[in-house]
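Q: Could you take me on a close look at the salt bridges in this model, and then at the ligand site? I would like to know which side chains pair up and where they sit.

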Amino acid sequence: MHEPLLVVRNLTKAYGGILPANNLNFEIHHDEIVGIIGPNGAGKSTLMRLIAGVLRPTSGQILFKGTDITGQEISKTVNMGLASTFQIVRPFRHLPVIANVMVGCLSPRSKRKGEWVKTVEQRAANALEFCGIADLAKESASVLSHGDLKRLELARAIATEPDLLLLDEPLGGLNPTEARLVARSLKRLHKGGRFGRLHSEGPAMMIVEHKLSELMSIVDRVIVINLGKIIAIGSPEEIVKNDAVIEAYLGRDNSLAA
Ligand SMILES: Nc1ncnc2c1ncn2[C@@H]1O[C@H](COP(=O)(O)OP(=O)(O)OP(=O)(O)O)[C@@H](O)[C@H]1O
Ligand SMILES: [Mg+2]
């Protein structure tokens with residue numbers, strides 16, 4: 001078996017007495033889409049932000065492609081092939097949508113030597129097309145709806161041609177039809193090809209999502225977090241009938257069937 005793409009070891013984040021990440025241990029492999037679920041406040045975004053390098057852990061280690069990236073600068077991590085989108089979107093609001101994505105195309109990782117601006121623009125346009133917002137390319141990012149901003153972030157992240165994509169609620173703000181469409185595109189991207197450089201294989205993904213039916217239809221494995229701890233890891237089929245998981249959701253008045 002291949003060495004894991006990502007290894008998370010004894011990862012802990014403390015804010016005073018609060019432990020949104022409490023000694024987390026798991027691995028992500030190249031060929032996986034892994035869903036991260038759990039009730040509100042469980043620590044899902046904290047975990048994603050720790051891996052992305054936005055937050056520094058209190059203790060523990062994150063290895064990406066065998067290299068320790070704990071506390072490493074984000075630009076360096078992106079350049080190694082790890083791209084993220086966040087729960088709270090942060091576009092360059094005064095730039096056109098297409099320019100927001102071109103920034104992704106120009107990361108040292110995906111920039112081609114001697115590439116013409118027109119070509120970069122075409123690649124950014126492909127990413128927008130992929131995310132279903134090609135018609136918004138010339139609009140200022142400041143006029144976009146929340147759902148469209150989520151898709152813009154996704155376009156920007158995939159334009160860096162990552163090997164691991166971390167997505168925090170990528171379907172947030174989308175209506176059911178749009179959510180199904182984006183979920184299906186993510187699966188297609190993962191299966192390889194159909195975008196940009198034509199990865200021989202698509203990126204591995206970690207996806208935090210409350211829209212469980214869409215999520216469960218595309219993931220290979222699910223990690224369930226509650227109160228900063230992993231309470232279950234398994235296939236979608238195993239997870240929906242896991243007692244600890246059902247209890248965590250019911251206990252918070254959250255429905256697994258949502
Ligand atoms: N800067 C901070 N200082 C103190 N506590 C924090 C801080 N950031 C997050 N927390 C706490 O950590 C816990 C986990 O928050 P986190 O945002 O990771 O949850 P989540 O699982 O993403 O929730 P949601 O599903 O609502 O997005 C929460 O109890 C939150 O209040
Ligand atoms: Mg969150």
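A: Happy to: here is a walk through the salt bridges, followed by the surroundings of the ligand. Please keep in mind that this is a predicted model.

The count of salt bridges comes to six. Let's start with Arg221 and Glu32, whose side chains meet in a salt bridge at 2.4 Å, N to O. Arg221 belongs to strand S9 (residues 221-226), while Glu32 sits in the loop between strand S2 (18-28) and strand S3 (33-37), so this pair ties together parts that are 189 residues apart in sequence. Glu32 has 9% relative accessibility and therefore counts as buried, the cut-off being under 20%.

A second pair joins two helices. The side chains of Glu178 and Arg151 form a salt bridge, at 3.4 Å from N to O. Because Glu178 lies in helix H6 (residues 176-191) and Arg151 in helix H5 (residues 146-158), the pair ties together parts that are 27 residues apart in sequence. The two partners can be described by their accessibility: Glu178 is partly exposed, with a relative accessible area of 23%, whereas Arg151, at 6%, counts as buried. There is a further member to add here, as Asp148, Arg151 and Glu178 are linked in a network of salt bridges.

Staying with helix H5, we find Glu153 and Arg156, which are three residues apart in that helix and so separated by about one helical turn. Their closest N and O atoms are 3.4 Å apart, and the two form a salt bridge. Both Glu153 and Arg156 are buried.

Now to the ligand. There are 13 residues around ligand 1, and those that come nearest are Gly41, Lys44, Ser45, Thr46 and His210. Gly41 takes part through its backbone, with an N or O atom lying 2.8 Å from an oxygen atom of ligand 1. Ser45 uses its side chain instead: a polar atom there lies 2.8 Å from an oxygen atom of the ligand. For His210, too, a polar side-chain atom lies 2.8 Å from an oxygen atom of ligand 1. Taken alone, ligand 1 exposes 640 Å², and the protein buries 62% of that.

As for what the shell is made of, helix H1 (residues 44-52) gives the most to it, with three residues. By residue type, the shell around ligand 1 divides into four nonpolar, seven polar and two charged residues.

Key
Residues numbered from 1 in each chain as written. Chains lettered and ligands numbered in written order. Predicted model: local features only at pLDDT ≥ 70, side-chain atom pairs only at ≥ 80, totals over all residues. Heavy atoms only, no water. Near = heavy atom within 4 Å. Polar contact = N/O pair within 3.5 Å; in protein donor to acceptor, adjacent residues only side chain to side chain. Areas by Shrake-Rupley, 256 points an atom, 1.4 Å probe, with all protein chains shown as cover. Helix = DSSP H or I, 4+ residues; strand = E, 2+ residues; numbered from the N terminus. Nonpolar A, V, L, I, M, F, W, Y, C, P; charged D, E, K, R; others polar. Salt bridge = Lys/Arg side-chain N within 4 Å of Asp/Glu carboxyl O. Buried < 20%, exposed > 50% of the residue type's maximum accessible area, 1.4 Å probe, protein only.
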